[in-house]
Amino acid sequence: MGVGTEAGRRAAADPGDAFDSDCPGRGVLNHVCSRWGTLILLSLRERPARFYELRDTIGGISEKMLSQNLRTLTRDGLIHREVEPATPPKVTYSLTELGQELATPLQGLLDWVGARTMDVVKAQRRHDRQHKPAS
């Protein structure tokens, strides 16, 4: 049993238990599983890319969201940002070893989404027909 200030403290969250609200892994999960995070990581799976290439590859992403997500994923150690001195500077993004490791299961998720989207859309339509609001 703890005494004094130790008595009121909870045990430290398990860094691998994303179901625990205090788990640091939950932040990583948010970054990786966000719509843009997943697409950025998968866009870099085959080869490094420059900012404009990522923007043009990922339909619908704004430059602001791309910049924010690239900063976050770089801070997380999943993306490497290389700046070549030039005017203007040439910046290239690539996956780190950690990012490459993560890209494999993310590709599986994207493959599943591609294969099963129509099944999900049919289920949504079926649900919506069965649960129409009363007029």
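1. A residue counts as buried when its relative accessible area is under 20%. In this predicted model, buried residues make up 21% of the 135 residues in the chain. The points below start with the overall layout, then turn to the helix α2 and the elements around it.

2. The chain holds five helices and three strands. In sequence order these run α-α-β-α-α-β-β-α. Of the contacts between residues at least 6 apart in sequence, 43% join residues at least 24 apart.

3. The largest nonpolar core has 20 residues, and those touching the most other members are I40, L41, L44, L54, L70, I79 and Y93. Four elements supply two or more residues to this core: α2 (35-43), α4 (63-75), β3 (90-95) and α5 (97-130). The biggest contribution comes from α2, which gives four residues.

4. Which residues of α2 are buried? They are W36, G37, T38, I40, L41 and L42. The elements covering these buried residues include α1, α4, β2, β3 and α5. A general point helps when looking at any helix: an α-helix has 3.6 residues a turn, so residues three or four places apart point the same way. The next points take three of the partners of α2 in turn. Two packed helices are described by the angle between their axes and the distance between the axes.

5. Helix α1 (residues 25-33) comes before α2 in the numbering. The axes of α1 and α2 come within 4 Å and cross at roughly 70 degrees. An angle from 65 to 115 degrees counts as roughly perpendicular, and that makes α1 roughly perpendicular to α2. On the α1 side the contact uses H31, V32 and C33, and on the α2 side R35, G37, T38 and L41. By class, these residues are three nonpolar, three polar and one charged.

6. C33, one of the α1 residues in that contact, is partly exposed, with a relative accessibility of 46%. C33 and L106 are 73 residues apart in sequence, yet their C-alpha atoms are 8.7 Å apart in space.

7. The axes of α2 and α4 come within 10 Å and cross at roughly 75 degrees. The two helices are therefore roughly perpendicular to each other. From α2 the contact takes W36, G37, I40 and L41, and from α4 it takes M65, L66, N69, L70 and L73. Seven of the contact residues are nonpolar, two are polar and none is charged.

8. Is N69, in the α4 helix, buried or exposed? N69 is buried, because its relative accessible area is 11%, and the cut-off for buried is under 20%. Leaving out residues up to four places away in sequence, N69 touches S34, W36, G37 and I40. W36, G37 and I40 are also among the α2 residues in the contact with α4.

9. α2 and α5 pack with their axes 10 Å apart, at an angle of about 115 degrees. That makes α2 roughly perpendicular to α5. The crossing of this pair is left-handed. The residues involved are T38, L41 and L42 of α2 together with L102, A103, L106, Q107 and L110 of α5. By class, this contact has six nonpolar residues, two polar and no charged ones.

10. L41 deserves a second look. It is buried in α2, and it is one of the core residues that touch the most other members. L41 also takes part in the contact of α2 with α1, in the contact with α4 and in the contact with α5.

11. L54 is another of the core residues touching the most other members. Which residues does L54 contact, leaving aside its neighbours within four places in sequence? They are S43, L44, A49, L66, L70 and Y93. Of these, L44, L70 and Y93 are also listed with L54 among the core residues touching the most other members.

12. E53 is found in helix α3 (residues 51-57). E53 is partly exposed, at a relative accessible area of 22%. S43 lies 10 residues away from E53 along the chain, and the C-alpha atoms of the two are separated by 9.4 Å.

13. One detail of the backbone should be checked in the viewer. The peptide bond joining T87 and P88 is cis, with omega about -5 degrees. P88 is in the loop between β2 (79-84) and β3.

How values were computed:
Residues numbered from 1 in each chain as written. Predicted model: local features only at pLDDT ≥ 70, side-chain atom pairs only at ≥ 80, totals over all residues. Heavy atoms only, no water. Core = buried A, V, L, I, M, F, W, Y, C linked by side-chain atoms within 4.5 Å. Buried < 20%, exposed > 50% of the residue type's maximum accessible area, 1.4 Å probe, protein only. Contact = heavy atoms within 4.5 Å. Axes fitted to C-alpha atoms, helices over the stretch in contact; angles between N-to-C directions. Parallel < 35°, antiparallel > 145°, perpendicular 65-115°, else oblique. Nonpolar A, V, L, I, M, F, W, Y, C, P; charged D, E, K, R; others polar. Left-handed = near helix turned anticlockwise from the far one by under 90°.
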